[in-house]
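This report goes through selected local features of one protein model. Please keep the sequence and the structure open while reading.

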Amino acid sequence: MSAGVNSSVGTVNDEVEVYARYHYKRYSYLIALVHDLLPERKSRILDVGRGLFTNILAAEYPNVTTLGFASAISAMPMVPKHIPHIVFDLNGAQHKSNWTTLPQFDLIVFAEVIEHLYTAPELVMSMLSSSLAQDGYCIVQTPNAVALHKRVLSVCGRNPYERIRLDNSEPGHFREYTKHELVAIGRYAGLTVVRHEYKNYFGVQGGALRKLAGTLFELVTLPFPSLRRGQTIVFHKL
């Protein structure tokens, strides 16, 4: 686990501590991937969705900008206010005339956001792609729509996906995606896939029985990567 991940988790308040622990392994995986893609620390990075990972990025890359809701600054007080924030609801990408003008970035981190959007992701990715510098990268992280535990729930007659929430200020998962769908979304936006990986990097919340089930699922998916809980895809703009 990188020092950046440890320091960021160690400074959050109690309200978000559970969230930080749940994503601990994912943050570590993600920052290692950023290091691999961007060895140059002066690179320009856009973090879509201001949050804990913004701190991890900013600790090592001085040129980080965030994008998202206007409420993100007050909702994420643990992120230093000097980090620039571009206000834009990605669902507004439905119409190109509404796209916000973005500066050019060497890397866009689009992690655990795409599943929260009700607008077609092809439109959102096209807008983000327009702000990618030539030879830039876009990292998309999102749950695996066909992970093993979701298949098991379906067989048991239970819907593995949450219902649309009554409070739309904190939208849940409107739609989850498969690898094939993510590849198609990136191609629509004019991007090339350079890497894709399934990972079990999410934590397990709940009691001992739930955690035992999580451990068993991880063991079962070791030889079957496509059944793992999370996935990360890297797009390249040539």
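## The cavity

In this predicted model, one cavity of 30 Å³ or more is counted. The largest cavity holds about 40 Å³ of space. Its lining is made up of L148, H149, N200, F217, E218, T221, L227, R228 and R229. Two elements, α7 and α9, give two or more residues to this lining, and α9 has the largest share, with three residues.

By residue class, the lining of the largest cavity divides evenly into three nonpolar, three polar and three charged residues.

## The second largest pocket

The second largest pocket encloses about 170 Å³. Lining this pocket are K25, Y29, K199, N200, Y201, T215, E218, L219, L222 and R228. Among these residues, N200, E218 and R228 line the second largest pocket and also appear in the lining of the largest cavity.

Helices α3 and α9 (208-221) each contribute at least two residues to the pocket lining. The largest share, three residues, comes from α9. Four of the lining residues of the second largest pocket are nonpolar, two are polar and four are charged.

## Salt bridges

Side chains of opposite charge can pair when their charged atoms come close. The structure has seven salt bridges, and three of them are described here, starting with E176 and K150.

E176 and K150 form a salt bridge in which the closest N and O atoms are 2.3 Å apart. E176 sits in the loop between α7 (148-155) and α8 (179-188), whereas K150 belongs to helix α7, so the pair ties together parts that are 26 residues apart in sequence. Both E176 and K150 are buried.

E17 and R21 also meet through their side chains in a salt bridge, with an N to O distance of 2.9 Å. Because E17 and R21 are four residues apart in helix α2 (residues 14-22), about one helical turn separates them. An α-helix has 3.6 residues a turn, so residues three or four places apart point the same way. E17 is partly exposed at 23% relative accessibility, and R21 is partly exposed at 46%.

The third pair is R165 and E162, whose side chains form a salt bridge at 3.0 Å, N to O. R165 is partly exposed, with 40% relative accessibility. E162 is partly exposed too, with 36%.

## A buried arginine without a salt bridge

R26 is part of helix α3 (residues 24-37). R26 is buried but has no salt bridge. Which side chain of opposite charge is nearest to R26? That side chain is E112, 4.3 Å away. A salt bridge needs a side-chain nitrogen of Lys or Arg within 4 Å of a carboxyl oxygen of Asp or Glu, so the distance of 4.3 Å between R26 and E112 does not qualify.

Leaving out residues up to four places away in sequence, R26 touches Y19, A111, E112, Q141, Y201 and F202. One of these contacts, Y201, also lines the second largest pocket.

## Two residues with positive phi

Most residues other than glycine have a negative phi, and most peptide bonds are trans. E112 has a positive phi, near 55°, and is not a glycine. E112 lies in the loop between β4 (105-111) and α6 (121-130). At 10% relative accessibility, E112 is buried.

D135 likewise has a positive phi, about 75°, without being a glycine. D135 lies in strand β5 (residues 132-143). D135 is partly exposed, with a relative accessibility of 49%.

## Helix α6

How many of the 10 residues of α6 are buried? Eight are, and the helix is mostly covered. The buried residues of α6 are P121, L123, V124, M125, S126, M127, L128 and S129.

The elements that cover these buried residues include β1 (45-48), β4, β5, α8 and β7 (230-236). Two of the elements in this cover were met above: β5 contains D135, and β4 comes before the loop that holds E112.

Notes: Residues numbered from 1 in each chain as written. Predicted model: local features only at pLDDT ≥ 70, side-chain atom pairs only at ≥ 80, totals over all residues. Heavy atoms only, no water. Buried < 20%, exposed > 50% of the residue type's maximum accessible area, 1.4 Å probe, protein only. Lys, Arg positive; Asp, Glu negative; His and termini not counted. Contact = heavy atoms within 4.5 Å. 1 Å grid on protein atoms, 1.4 Å probe; cavity = no way out; pocket = protein on both sides within 12 Å on 5 of 7 lines; lining within 4 Å. Points joined across faces, edges and corners; volume = space filled by probe spheres on them. Nonpolar A, V, L, I, M, F, W, Y, C, P; charged D, E, K, R; others polar.
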